[in-house]
Amino acid sequence: MLHPVSGPALGTLPPRVITLGEAMARGVRQTAQHWVTGWAAGQVAGAPVPGMAATAAAGVRDCTVRNAVFLSAGGGSVRVRLSNTFGDRPVAVDHATVAVRSQGADAVPGTMRALTFSGSARTVLAAGGTLLSDPVALAVAPLSTLLVSVFVPGATGPLTHHPFTAATNYLADGDAAPSTFGGAFRSSPCWLLVSAVEVLADARTSGTVVAFGDSITDTARTTGDLNRRYPDRLARRLAAREGRTLSVVNAGLGGNCLLGERTGEPHYGPSGLSRMERDIFAHSGVRAVILLEGI
């Protein structure tokens with residue numbers, strides 16, 4: 001189902017199904033650049049995930065996390081949202097960067113940018129909180145991959161994360177956030193601390209469509225590190241069309257239910273209904289929602 005988004009409150013979702021073409025046409029007739037969400041991921045509490053490393057459950061100390069994220073839309077500037085939504089304590093951030101990925105944990109030379117938060121390189125993520133970075137000039141193409149690195153000097157406790165990524169992410173000891181060369185990094189299965197990347201798009205990208213669902217939307221039956229999730233395929237189709245288009249956000253969570261809570265299985269996330277405000281309405285430029293949840 002594809003629903004238009006007309007306001008921030010859940011009760012404002014009209015019941016009428018619309019087409020993607022209508023959603024693109026409903027975008028404000030921008031002539032200047034504007035912010036859309038180019039990548040995001042649903043977040044869950046840091047807890048053990050069967051068959052996976054316990055990094056998120058245990059947390060990290062004096063460590064850099066480097067997340068590889070696939071952008072559906074391009075633009076001339078980016079800003080990054082950090083998340084400690086399910087954290088039980090504040091998390092100090094001493095250094096954060098964003099860069100265009102070359103391969104693996106390596107960045108394209110000359111694209112590394114330091115992130116600031118209200119003008120400061122250092123910040124603190126409050127327990128239960130999120131932070132949006134200041135914009136940084138970085139030309140990014142649609143369907144490219146960014147490396148978002150966050151150095152935390154102290155012990156984090158259990159980390160808010162996205163567990164099933166179908167992507168290799170990275171960890172390094174100490175502050176490796178500004179490193180273009182990724183040799184110090186080891187692999188990690190999760191997206192840690194980072195929940196969204198926004199891009200300053202031109203008028204062609206009229207807004208964002210959120211694919212909201214469970215494992216079919218998230219990563220089920222996909223191929224690792226090739227960005228073949230169904231929202232990725234949708235992003236490619238929209239990027240290839242002429243005229244106005246939409247960025248695509250994957251808000252899938254494996255095992256998630258629309259109404260029910262998976263008690264004792266926090267890696268499946270809170271119910272779809274309870275996470276809609278955070279995983280749909282909080283994103284910039286949302287024009288429509290594709291709902292495939294709770295099979």
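By the criterion that a side-chain nitrogen of Lys or Arg lies within 4 Å of a carboxyl oxygen of Asp or Glu, the count comes to 10 salt bridges. The model is a predicted one, in which local features need pLDDT of at least 70 and side-chain atom pairs count only at pLDDT 80 or more, whereas totals for chains, interfaces and linings use all residues. Residues are numbered from 1 along each chain as its sequence is written, and side-chain values use heavy atoms, with hydrogens and water left out.

Side chains of opposite charge can pair when their charged atoms come close. One such pair is formed by R81 and E198, whose closest N and O atoms are 3.7 Å apart. R81 belongs to strand β4 (residues 75-83) and E198 to strand β17 (residues 194-201), so the salt bridge ties together parts that are 117 residues apart in sequence. Helices (H or I, at least four residues) and strands (E, at least two) are DSSP runs, numbered from the N terminus. Both R81 and E198 are buried, where buried means under 20% relative accessible area, exposed means over 50%, and partly exposed means in between (1.4 Å probe, protein chains only).

A second salt bridge joins D173 to R186, with 3.5 Å between the closest N and O atoms. This pair links distant parts of the chain, since D173 is in strand β14 (residues 169-173) and R186 in strand β15 (residues 186-188), 13 residues apart. D173 counts as exposed because its relative accessibility is 61%, while R186, at 40%, counts as partly exposed. In the salt bridge between E265 and R262, the closest N and O atoms are 3.1 Å apart. E265 is partly exposed at 27% relative accessibility, and R262 is partly exposed at 29%. In addition, R275, R278, D279 and E293 are joined into one network by salt bridges that share partners.

A disulfide is a covalent bond between the sulfur atoms of two cysteines. With a disulfide taken as a pair of cysteine sulfur atoms within 2.5 Å, the structure holds 0 disulfides. C63 takes part in none, and the nearest cysteine sulfur, that of C190, is 12 Å away. C63 is buried, because its relative accessible area is 3%. C190 is likewise in no disulfide, the sulfur of C63 being the nearest at 12 Å. The relative accessibility of C190 is 3%, so C190 counts as buried.

Rolling a probe the size of a water molecule over the atoms shows where empty space is left. The search used a 1 Å grid over the protein atoms alone: a cavity is a set of points where a 1.4 Å probe fits but cannot get out, a pocket is an open set with protein on both sides within 12 Å along at least five of seven lines, and lining residues have an atom within 4 Å of a point. Grid points are joined across faces, edges and corners, and a volume is the space filled by probe spheres set on the points. The largest pocket has a volume of about 170 Å³. It is lined by 18 residues, of which A73, G74, P142, R204 and T205 are the closest to its centre. Two or more residues of this lining come from each of β4, β17, α4 (230-240) and β19 (245-252).

Across the whole structure, 3 cavities of 30 Å³ or more are found. The largest cavity holds about 150 Å³ of space. Among its 16 lining residues, W39, A40, F70, D232 and N250 are the closest to the centre. At least two residues of the lining of the largest cavity are supplied by each of β2 (34-40), α4 and β19.

Two residues of the backbone are described next. S118 is not a glycine, yet has a positive phi of about 50°. S118 is located in the loop between β8 (113-114) and β9 (123-125) and counts as exposed, because its relative accessibility is 76%. N227, also not a glycine, has a positive phi of about 50°. N227 lies in the loop between α3 (215-218) and α4, and with a relative accessible area of 13% N227 is buried.

At the surface, I216, L292 and I295 make a nonpolar patch of about 300 Å². Patches are made of residues with over 30% relative accessible area and no salt bridge, like charges being joined within 9 Å and nonpolar side chains (Val, Leu, Ile, Met, Phe, Trp, Tyr) within 5 Å. Accessible areas come from the Shrake-Rupley method with a 1.4 Å probe, and for residues only the protein chains shown count as cover. I295 is placed in the segment after β20 (286-292), and I295 counts as exposed at 79% relative accessibility.
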